[in-house]
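Student: Could we go through this structure together? I would like to understand the words people use for it.

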Amino acid sequence: MVRIPFSPLFSPMCRLRSALFLLLFLAISAQLFAARPLFSRGRSAYSIVLSPEASVSEQTAARELQQYLQEMSGATLPISHNLTTVGPCVYVGYNAKVEALTHAPQPAVDDETFTYRTIGQHLCIYGGQERGTMYGVFAFLEQQLGVHWYTPTVTQVPRRRTYFLPALNHTESPALKIRQLYYHEAMENPAWCAHNRVNSIHSSVQNEYGGMFSYGGIHTFEILISPHEFFATHPEFFSLYDGRRIADGQLCLSNPEVLRTMIARLRTYINEHPRHWVYSVSQNDNQKPCQCANCRALEQRYGGHSGLMVWFVNQVAAAVEQTHPGTLVSTFAYQYTRHAPTGIRPRHNVVIRLCDIECCLAHPIASDAQNAAFLKDLHDWSRIAPRLYVWDYVVNFSNYLLPFPNFSVLASNLRTFRDNRCIGVMEEGQYQSGESEFSELRAWLLAQLMWNPEQDTDRLVRRFITHYYGAAAPYIQRYFSACQKLVSPEVHFQCRIYADDAIYTDRFRQRAAQLLEQARRAVVSDTLLTRRVDNVRLQMLYLNYARSGNLQDPPAELLRILRRSRTHIAEPLSAEKFLEGKR
Ligand SMILES: [Zn+2]
Ligand SMILES: [Zn+2]
């Protein structure tokens, strides 16, 4: 028998104390939080209040807050630029009133940390002026009111009759400062990016959402010192490879004239393209580095190819800093330069862009033996690089349409990058056309996880599928799960797999066929949902076709969907090219 000892917790004295505490707590709560609805039955007593000095993105956020609340409830909250507005207020942005209410220090302009917080009957939403406040407004709509920006054309805005503001005090900061999504869904849609807190893109964007970080170039050796311009007159600028100078390799980085030319060319480029957050001085997309004696000597001195690269780029960055203070210069740690150097480190204004193209995407970088070499490189760079940035590959570039079961590693890898002090990440996905293998889901999920990789992937996926596929959602969810189960501890794959891969078992293909047929039937009367389900069906239609051995004669259903979606088959194969000559 277990004898329960007398507990002081239940003593009469203790009960009295608890009751007093409860009363005190209720009194304070009542003081802090007057139970007033933000809106009820199409009306609201609240005003949205901005400082007259509010930034462009804060004004956008206030306007959109008004629009979404209106759409959700029918209530229109007036927008005021007068901080002495009477009555309950939603303050958007940090201002004198918010300072008086919260006693919080003023956030830096570029700080993307945001807070939404109730004080008495007021709601304060604030962060850095550039994008922080705006992210706070969108996060409030998303987390408290259930607005989700799934795709550029699909936003979920729940209808609500009444919403009482609970006591709120919520602050978030991004896991990674720079978050770029190289996805078709993101590239032409700065509004969708802003709603999902994606803040970087290739080309420079100044917009009503506070702009975005744009990355100045990739593989720029051949752009800044072009072989078309220089090879005929200066072959010594280029790689000595297998005993001769070649135009289609890299640069001879130990040549002082190459350094001088690069500095001059980069300065001109910066003057002509002033808005990038970083300028790339990076190897071409080939593995033919210079083999001359001087280059080799420097490589030996600094621990390999990356040592010579850092030695060269450091000098470019130092020179550019003289004429363009504050400018950052980046280079790749990619393929032959992926290992970190020794005896030299990137200077303070150099960004190292580490590429994980060789990694196994079936298992997390942090725990897969196949990824141990990359993980070591990541650790090594993290120790010496003041600004480390990862180029992460997340789809099957050889077959965009095939089921690609790497969803379970996405969050884990982002946590690994964050934990290794990375300042940013670019997720390279299907950037050429939309509607490939779960690309709408992937783009939204990655945007969510780049901001906060502690989120539960399964939960996010379920939320997306439930809304996006409507009546077909239960079948799509089961199909999605069946795809992810194709991974086992023994199965490894990189960012290229093919239709004849052993993971696509007969059992899986039969199960997938059943589920997708059920999904198709569930939405047969709905054109919009049928289109979305067809995009998923394309995965198995293409897989079975590619395994059939009869490549001349694709099934009519595959052709029909492709003619409509126009999605790429693979990185080097567009739908147009594939459809050429097909019946
Ligand atoms: Zn050389
Ligand atoms: Zn693996």
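Tutor: Here are some questions about a metal site and a strand. This is a predicted model, where local features need pLDDT of at least 70, side-chain atom pairs count only at pLDDT 80 or more, and totals for chains, interfaces and linings use all residues. Residues are numbered from 1 along each chain as its sequence is written, chains are lettered from A and ligands numbered from 1 in the order in which they are written, and side-chain values use heavy atoms, leaving out hydrogens and water.

Student: What makes C252 a donor of the zinc ion (ligand 1)?

Tutor: Donors are N, O and S atoms within 2.8 Å of the metal (3.2 Å for Na, K and Ca); water is not among the atoms, so sites may look incomplete. The SG atoms of C252, C290, C292 and C295 lie 2.3 to 2.4 Å from the zinc ion, so they count as donors.

Student: Why is the site of the zinc ion called tetrahedral?

Tutor: Four donors count as tetrahedral if all angles lie between 85 and 135 degrees. Here the angles among the four donor atoms are 104 to 115 degrees, so the site is tetrahedral.

Student: How do you know whether C252 is buried or exposed?

Tutor: Buried means under 20% relative accessible area, exposed over 50%, and partly exposed in between (1.4 Å probe, protein chains only). C252 has 3%, so it is buried. C290, at 4%, is buried too.

Student: What makes β5 and β6 a pair?

Tutor: Two strands pair if DSSP finds at least two bridges between them. Six bridges join β5 (residues 114-119) to β6, so these antiparallel strands pair.

Definitions and conventions:
Four donors count as tetrahedral if all angles lie between 85 and 135 degrees; four count as square planar and six as octahedral if opposite donors are over 155 degrees apart and all others between 65 and 115; anything else is irregular. Helices (H or I, at least four residues) and strands (E, at least two) are DSSP runs, numbered from the N terminus.
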